[in-house]
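Q: Can you walk me through this one? I'm new to reading structures, so keep it simple.

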Amino acid sequence: MLISFIIPSYNREATIGRAIQSIICQKDYSFEIIVCDGGSTDNTKGVVEKYPSVRFITCPMRSPAAQSEYAIKRSIGDYIAFVDSDDYIDPSYCENVWPVLQKEKPDIFIFKLYSVSGGKINKKYRQKRKLRPGFYSSRDYLKILDDIYGNIGSVSRCTKIVKREVAINLCQYYNSSVKHLIWEDTFYTYPLFLIARSVYISNLYLYYYCVNNLSITHTIKYDFDILGSLEEIFEYHAKIFSAFNRSDQAKQTLTFLSLSILALLKSAGESMDEKAFLSFADAVLKSKIGTKAIKEKVRTTNYSPLDKVYAFLLHKRMFHTFRFLCRAQRKLA
């Protein structure tokens, strides 16, 4: 059995060596490592070339979604696993995953991740999940689709090992042309669970997500175009659910997108003035996502108590309280 580890990259000469080394250290297991680069202008390729066993390929498009699809189609492993170029995996990754893949042969293997920021590890990063550890197939698996977001806990592709034939089938639903280079994980995860027929869920922490203030997510420009992109993402996902005759469940995507809007607001909450906040609040509430979220009564079970407070303040346009809470949370973090 072979695992294909795919590392999408773009100008990551400072961190990609650590990502590669964390995989190479998984001794006594069969795997390939593919670095799919989006046209780096730094010495990323030079760093990768220090590891002769690693395949370096260049994707014609810089989009992370396009790089992922490009690499999947060129992989040869029985299973596909992603590692972001500024993250790394646990030394016990293969040791814990291998026996399950060999015995259960799940379409998807899910595990948990650590969040690393300033050298501090936070076990609680995006860990909300309803399902208990174990193997799910047949009717038990179909129940997962009733609430994908709530059941799997995180949309991150890096917390999932996927059977290759499922990943290849997934490529036809992978939108590589989304306007903004963000939220590409949703184009991977939601169709993935609609295609797959079994999943093994583990409570092990096998991945280290390193918070990078220079990443696309953290440096994206805060403007009304983002709202348009989120609406584009929702419409695309609605088509995917519809293709699987599950149109009524497309509203699941609204939960994630609503949380994304809150995250954007919180990231800018300290610097926004009242006029900008009120303008954005009005735009959100009048947008397709906002009106659908209210009309469809988006499930708030996935919101933390603090998220619910932020959502309330946004709905009531309470700018000063919103900004105060953002600043207080930042100081306590």
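Q: Okay, R157: buried or exposed?
A: R157 counts as buried, because its relative accessibility is 2%. Buried means under 20% relative accessible area, exposed means over 50%, and partly exposed is in between (1.4 Å probe, protein chains only). Keep in mind that this is a predicted model, where local features need pLDDT of at least 70, side-chain atom pairs count only at pLDDT 80 or more, and totals for chains, interfaces and linings use all residues. Residues are numbered from 1 along each chain as its sequence is written, and side-chain values use heavy atoms, with hydrogens and water left out.

Q: Which residue does R157 meet in helix α8?
A: That's D185, and the two side chains form a salt bridge at 3.4 Å, N to O. A salt bridge here is a side-chain nitrogen of Lys or Arg within 4 Å of a carboxyl oxygen of Asp or Glu. R157 sits in the loop between α6 and β9, while D185 is in α8 (residues 184-195), so the pair links distant parts of the chain, 28 residues apart. Helices (H or I, at least four residues) and strands (E, at least two) are DSSP runs, numbered from the N terminus. D185 is buried, like R157.

Q: Which residues share a network with R157?
A: D84 and D185: salt bridges with shared partners join them and R157 into one network. The closest N and O atoms of D84 and R157 are 3.5 Å apart. D84 lies in the loop between β4 (79-82) and β5 (88-89), 73 residues from R157.

Q: And why does D84 count as partly exposed?
A: Because its relative accessibility is 22%.

Q: How many salt bridges are there in the whole structure?
A: A search finds 7. Another one joins D107 and K163, with the closest N and O atoms 3.5 Å apart. D107 is in the loop between α4 (93-104) and β6 (108-117), and K163 is in strand β9, 56 residues apart. Both D107 and K163 are buried.

Q: You mentioned α4. How many residues does α4 have?
A: α4 has 12, and reaches 17 Å from its first C-alpha to its last, close to the expected 16 Å. The expected span is 1.5 Å times one less than the number of residues.

Q: Which residues of α4 are buried?
A: Y93, C94, V97, W98, V100 and L101. Their cover includes β1 (3-9), β4, β5, β6, β9 and β10 (198-210). Right after α4 comes K105, with a positive phi near 50 degrees.

Q: New topic: which residues touch the most other members of the largest nonpolar core?
A: F5, I7, I20, Y93, I161, F193 and V199, out of 99 residues in that core. A nonpolar core is a set of buried Ala, Val, Leu, Ile, Met, Phe, Trp, Tyr and Cys residues joined through side-chain atoms within 4.5 Å. Helix α11 (residues 252-268) gives the largest share, 8 residues.

Q: What is V199 in contact with?
A: Leaving aside neighbours within four places in sequence, V199 has contacts that include P106, I108, Y136 and F193. Contact means heavy atoms within 4.5 Å.

Q: Last one: how many helices and strands are there?
A: There are 15 helices and 10 strands. The protein has 333 residues, and 55% of them count as buried.
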